[in-house]
Every structure is written in C-alpha cells, then in structure tokens.
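This briefing goes through a few local features of one model. Please keep the sequence and the coordinates open while reading.

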Amino acid sequence: MRKTIFTLIAFVAAALSVGSCKTNNGATSAADTTVVNNFKIQRGTNLSHWLSQSDERGEARAKHIQEDDIARLDSLGFDFVRIPIDEVQFWDEKGNKLPEAWGLLRNVLNLCAKHHLRAIVDLHIIRSHNFNAVNEGEDTNTLFTSEKAQEQLIGMWHQLSDSLKTFSTDSVAYEFMNEPVAKNHEDWNKLIAKVHKDLRELEPQRTLVIGSNLWQGTHTFKYLKIPEGDKNIVLSFHLYEPMVLTHNKAPWTPVGKYTGKISYPGMMISKEDFEKAPEEIKKDIEKYTKEWNRDSLRSLMNDAIEVAKKYDVQLFCGEWGVYEPVDRELAYAWTRDMISVFNENHVAWATWCYDADFGFWDQKKHAFKDLPLVNILLGKETK
C-alpha cells in the first residue's frame, strides 16, 4: 500500500526547521529552512489532451477522466500521474477564472489521493509561451522578453497555489512551466529563480518540478541553474530520441515523412535507404544513419543524471513514448531499453501518455489498446 503516512518524526522535524541557514551573501535561504518532504515518484503517465491541448468542454471534458481511470492506474502499479493544464482552460483572456476546469482539477487530485497516486500539476501551455511556436514557423512567445508576461505567469501560480495548497506536499507537486524555449539559457535560469522565490514565499515545502531549456532536452542540462540547498525540487527532462523511430509516420514533424526501413537496435537507417529519402528531410534524419542502442540512450541521459547528482535532487523523465502507428516490435524494443536505463540510474518516469495517440488505453472503447506495452512498462512482461 503506497498511501502516505505522516510520522511523529516528520512533524517534529518540521517544527524544528526554523533554524536559519545563511547563503554565501549572508542572507537567509527559505529553501534551507524547510523539511524534505516525502514526494517520491517512480512510475507514472501523463493525463494528456484533457485539461491541455484539447477543445473538449462541458460534459465531454468532465467525462474524459473519471474515477475508474485513476483506480485503473493504481491497480496496474503506477504510483503517480502528471496532469498538463493550459491557461486557456483555466482563465479567459481577461484573466478571469473559468470555474469548471478548476473543479475538474481539484476533483482529480482528490481521486488521486483516494487511490494512492501522487500528482504533478504541470502548467503546460500559456498564452505568452507555447513550446510549439517555433516549430510552427512563427515564434509568438513573449514570456522571456516581457516583464508583464512573467508577472502574469507568477500570478497564475498564486491562484493555483491558493486553490491547491491544502493538498499534502507529500502528494502533489507543481511543475511551473513545460518545455521552456528561451533563446538564451540564462533567460530561463533567471525566470526559474524568480518563480522559485515567489512560490517559496507561498509554499516553502511544496515540491517544484523544473526542466531544462529547449523543450526540456537533456543536451541543455549543462546550462541549467537551480537554487542550491532546496531539496524539494525534482529535475525533469523529456526524451523521444531517436525521433525517427518514436515519431515515425507522425505528420507534424519532418522525420515523420521518412518512409524507409528503420531498425532498432542497430543501424537505424542504412546508407542505401538514406540516399532514397526525399532531399528535404535528409538533414533531419542524417543523425540516424548510425548505430542506436541502449548505450546511445544512456549517453543521452548522462548530462541530466550528473546535474541531478550535483544538486542532490530526484530526477525524472516527464515525457517519453512512441506514436501509436509505429511498428510495435520497434516500439517495444526501444521501451525495454529506456526502462532499463531508467532503472539502473534511479530515474523516475511518466509516459506520454495514458489515452491519446501515444497512449495505451482507449477511452472510447474502454479497453486497452496496447496491453503488451503496459506489461513492459511495469515489469510484467512474460518471455
């Protein structure tokens, strides 16, 4: 049973945590005066395309995720969910709260508590920042150039904190922004410090999930800076590489247009198949004309693993998965290797996703659409 139990020791520790610590400049660090909570995660999934990236409203949205979904995830062996939410579902253009979405969020968090699942509330897309803006050919993001936009982001979290602060810090965490795309890494680091300072004044002990710049890629972890001494932080990366496999046939990305043979593990795209590919996608698929295997995946995660060790905080992969039309044997081979590397490095993970086009559950049919994948994820595969 994974239900969180508060102990007398934890209570006493919290009461005694008033002893102040000094930073290098002599100031007291709020982070250093808090107790490390028990927000520990291992195996999760994203409840995507519900309160985020969806046009569903009213009854359809209300019925999308219900108690049987949460109970199912618990019974399967998942221990947490990541819940993406979008500004447009929670606030209108004038900044007024849209009550229905707030009720759905609180309800699902109560269901998670009932069924022993922890939860990460992830502010996924806001009006001043969409991780897809660059990919869509026109970067309309203003978050990193507008003080007003940054204050609006902080204001949203003030309201979220006010609504969610009654939930246990052992059970609910906040991811204050998804997949930042700042032109300068320091711009993201400065925003981290700004939002962290503000949230710590509101909730000194809440776990905060922080990712790296440029879509939470592992390659930018070496530039990431987080407040030191705060152990109630979880670092997050997203990993879909090799994209030519995980996004094969996906219409929204250039690599999805590749129609040749793919192998995994091994030489993903042969030289012969590469030469036959359309000229316009060769620059996107060239890096896949080499050996890809478990060691390749481990290498991609190394920077994130080292930075988490440096700060002595938990690390998790907040998004990873394979597009549904991809050949299942390739998908399963990649998934097994990802799970292996996660396990050997104590990296928690949340698949993308539960019931959408990378998922394993079909909400319309109310049935598994990929039970073998679930068994691989949860170590229940029989050979």
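The notes below cover the internal cavity, two residues and the cysteines.

The model is predicted. It holds one cavity of 30 Å³ or more, and T335 is among the residues closest to the centre of that space. M268 is a second buried residue, with a relative accessible area of 1%, and a search of the whole structure for disulfides finds zero.

**Cavity**

- The largest cavity contains about 100 Å³ of space.
- Its lining is made up of 15 residues, and G321, V322, T335, F358 and L373 are the closest to the centre.
- Two elements, helix 13 and helix 14 (371-377), each give two or more residues to this lining.
- Helix 13 provides the largest share of the lining, with four residues.
- By character, the lining of the largest cavity comprises ten nonpolar residues, four polar and one charged.

**T335**

- T335 belongs to helix 13, which runs over residues 328-344.
- With a relative accessible area of 2%, T335 falls under the 20% cut-off and is therefore classed as buried.
- A polar atom of the T335 side chain lies 2.8 Å from the backbone oxygen of A331.
- Beyond its neighbours within four places in sequence, T335 is in contact with W320, V322, L373, I376 and L377.
- Two of these partners, V322 and L373, are also listed with T335 among the residues closest to the centre of the largest cavity.

**M268**

- M268 sits in the loop that joins strand 7 (266-267) to helix 10 (271-276).
- The relative accessible area of M268 is 1%, so this loop residue counts as buried.
- Leaving out neighbours within four places in sequence, the contacts of M268 are P242, V244, L245, K261, I262, S263, Y288, K290 and W292.
- One of these partners, K290, is 22 residues from M268 in sequence, while the C-alpha atoms of the two are 6.3 Å apart in space.

**Cysteines**

- C112 is buried, at a relative accessible area of 1%.
- C317 is likewise buried, and its relative accessible area is 0%.
- A disulfide is a covalent bond between the sulfur atoms of two cysteines.
- Zero disulfides are found when the whole structure is searched.

Definitions and conventions:
Residues numbered from 1 in each chain as written. Predicted model: local features only at pLDDT ≥ 70, side-chain atom pairs only at ≥ 80, totals over all residues. Heavy atoms only, no water. Disulfide = S-S within 2.5 Å. Buried < 20%, exposed > 50% of the residue type's maximum accessible area, 1.4 Å probe, protein only. Polar contact = N/O pair within 3.5 Å; in protein donor to acceptor, adjacent residues only side chain to side chain. Contact = heavy atoms within 4.5 Å. 1 Å grid on protein atoms, 1.4 Å probe; cavity = no way out; pocket = protein on both sides within 12 Å on 5 of 7 lines; lining within 4 Å. Points joined across faces, edges and corners; volume = space filled by probe spheres on them. Nonpolar A, V, L, I, M, F, W, Y, C, P; charged D, E, K, R; others polar.
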